[in-house]
Amino acid sequence: MISRRHLLAAGAASLAVAPGAWAQQNPQSLRALAAAKGLVFGTAAASYELKDRDFTALLPRQAAQVVPEYEMKRGALEPKPGQYDFSALDKLFGFAARSGMSLRGHPLVWYTANPPWLAPALEARRDENLMTGHIRALMTRYRLASVDVVNEALMPPDSSQRGWRPSPWLKAFGPRYLDIAFAAARAANPATRLVYNDFGCEQGGPGNDRFRADTLKLLDGLLARNVPIDALGLQAHLTAFSNPVDQRKLRAFLEEVRARGLAVLVTELDVDDSGGPSDIAARDRAVADEARRFLDVVLDTPATRAVLTWNLSDRYVDPPDEWRLKLAGFRYRKTPYDAAMAPKPLWQALARAFAGRRAFY
Ligand code: XIL
C-alpha cells in the first residue's frame with residue numbers, strides 16, 4: 001500500500017533548471033520539449049504495465065503526467081455500492097507520484113463503464129449523492145492536476161441524432177447533471193482544472209461541423225449558468241486513412257473556445273491506422289503526418305496547455321485482446337513507441353510540433 005502523502009504530493013517534483021535549458025539537455029524527452037513551451041506532455045497507462053521494466057524506465061522520462069486508461073472508471077472502482085477497490089489506481093498513481101509525474105483524472109461522470117447496480121439505483125432514488133459522493137471520494141483521495149468531470153455528454157458525430165447522449169445521469173437529472181457534477185468537483189478541490197471531455201471536434205466531416213456547433217452550445221450553456229468549468233478536452237482519436245482534420249475549421253473552433261476564456265487539453269491523442277497500406281513504414285508516416293497536421297493547429301493557440309497520448313507504446317494498445325487484433329487484421333500502430341519500445345515517426349511528429357511551438361509564455 002502506498003502512502004497517502006505520496007499520492008497527495010503528486011506533481012510536486014520541481015525542476016532544478018529552467019524548462020528551456022532542460023529541453024536542450026534532453027532532446028530525447030517529449031516531457032522536456034513540451035515543458036519548454038509551457039505544455040504538459042502525458043499519457044494514458046494502466047497498473048499492469050508497471051510490471052514491465054522497459055515501460056517503467058521510459059514512462060517518467062517521456063511523460064510528465066499520467067491518466068488511467070480504465071482503472072478510474074466507476075465500473076472498475078465500485079463493484080458494490082460504497083465498496084471501493086482503489087488498489088489498481090493507487091498502484092498507478094503511486095508510481096506516477098513517486099516518479100515526479102502529475103495525476104490526471106478520467107472520468108468522474110460518464111454514460112458508460114458504470115457498475116451494473118448504478119442505473120437502477122439512480123432510477124429508484126434520483127439521489128444526487130450517487131454522483132457527488134463519487135466525485136468527492138476520488139477528488140479527496142488523489143490530488144489531480146486536471147480531471148474529466150463529465151465525459152461524452154453529446155451524441156457522437158457519426159450519429160443521425162444530435163443533442164444529449166442518453167445516460168442514467170440524463171435520465172435521473174436531465175441536462176443539469178453536468179451542473180451538479182462540476183459544482184461538486186469544484187467544491188471537492190478548487191485547485192483541480194475541471195474539464196468537459198469529448199471527441200468529434202477534431203476532424204473535417206459534416207458530422208464534425210455539427211458536433212463543433214453543439215459543443216459550443218453546451219459550453220455556452222454552462223458558462224451562462226456560471227458552472228465552474230476550466231477547459232475543453234479534445235480526445236483527438238484521429239484517423240490516418242479517413243476523415244482528416246480540417247485545419248481551417250479546427251483553427252476557427254479553437255478561437256471560439258479561447259474567446260470564452262476556456263483552456264484546451266488534448267486528452268487522448270492516438271491515430272487509427274486501419275484501412276491503410278500493409279507497408280508499415282507508409283502507415284507510420286501517415287499516422288505521424290495526420291498527428292502533425294492536428295498539432296500544428298492545436299498548439300498554435302495559448303489556450304492549449306497539455307497533450308496526452310492514449311498510451312505511450314504499441315506494446316500496450318488494446319492488450320491483451322487478441323480478438324481485437326484478429327478483427328483488425330494487424331497490430332495497431334497508434335502510439336509514439338512501437339511494441340519493441342523504439343520511437344516511431346509519431347514520436348518525431350510530437351517532438352517537432354513541441355519544439356516548433358510559438359513561445360506564448
Ligand atoms: C477506452 C480504453 O482504452 C479501453 O481500454 C476500455 O476498455 C474502454 O475505454 N474515449 C474515452 C476513453 O474517454 O475512456 C476510452 O478508453 C476511449 C474513448
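Colleague: What makes Arg126 count as partly exposed?

Modeller: This is a predicted model, and in it Arg126 has a relative accessible area of 46%. Buried would need a value under 20% and exposed a value over 50%, so Arg126 falls in between and is called partly exposed. Its place is the loop between helix H7 (118–125) and helix H8 (129–141).

Colleague: And Asn226, is that one buried or exposed, and why?

Modeller: Asn226 reaches 69% relative accessibility. Exposed means over 50%, so Asn226 is exposed. You will find Asn226 in the loop between helix H11 (206–224) and strand E7 (231–234).

Colleague: What is the value of phi at Arg126, and what is it at Asn226?

Modeller: Phi is near 45 degrees at Arg126 and near 55 degrees at Asn226. Each value is positive in a residue other than glycine. For background, most residues other than glycine have a negative phi.

Colleague: Why is Thr309 called buried?

Modeller: Thr309 has 1% relative accessibility. The cut-off for buried is under 20%, so Thr309 qualifies. Thr309 belongs to strand E10 (residues 304–309). Setting aside neighbours within four places in sequence, its contacts include Phe41, Gly42, Thr43, Ala44 and Leu350.

Colleague: Ala44 caught my eye there. Which residue of E2 does Ala44 stand opposite?

Modeller: Ala44 stands opposite Val67. Strand E1 (residues 40–45) pairs with E2 in the parallel sense, over 4 bridges. Two strands count as paired with at least two bridges, so E1 and E2 meet that condition. Within strand E2 (residues 65–68), Gln65 and Val67 point one way, while Val66 and Pro68 point the other way, and all are buried.

Colleague: Leu350 was in that contact list too. Why are H13 and H15 called roughly parallel?

Modeller: Helix H13 (residues 280–298) and helix H15 (residues 345–355) pack at an angle of about 20 degrees, with their axes 8 Å apart. Angles under 35 degrees count as roughly parallel, so that is the term for H13 and H15. Their crossing is right-handed. Among the residues making the contact are Val287, Ala291 and Leu295 of H13, and Leu346, Ala349 and Leu350 of H15. The contact residues divide into 9 nonpolar, no polar and 4 charged.

Colleague: One last thing: which peptide bond is cis, with omega near -20 degrees?

Modeller: That is the bond from His106 to Pro107. Pro107 sits in the loop between strand E3 (102–105) and strand E4 (109–110).

Notes:
Residues are numbered from 1 along each chain as its sequence is written. This is a predicted model: local features need pLDDT of at least 70, side-chain atom pairs count only at pLDDT 80 or more; totals for chains, interfaces and linings use all residues. Side-chain values use heavy atoms; hydrogens and water are left out. Axes are lines fitted to C-alpha atoms, for helices over the stretch in contact, and angles run from 0 to 180 degrees between N-to-C directions. Angles under 35 degrees count as roughly parallel, over 145 as roughly antiparallel, 65 to 115 as roughly perpendicular and the rest as oblique. A crossing is left-handed if the near helix is turned anticlockwise from the far one by less than a right angle, and right-handed if clockwise. Contact means heavy atoms within 4.5 Å. Ala, Val, Leu, Ile, Met, Phe, Trp, Tyr, Cys and Pro count as nonpolar, Asp, Glu, Lys and Arg as charged, and the others, Gly among them, as polar. Buried means under 20% relative accessible area, exposed over 50%, partly exposed in between (1.4 Å probe, protein chains only).
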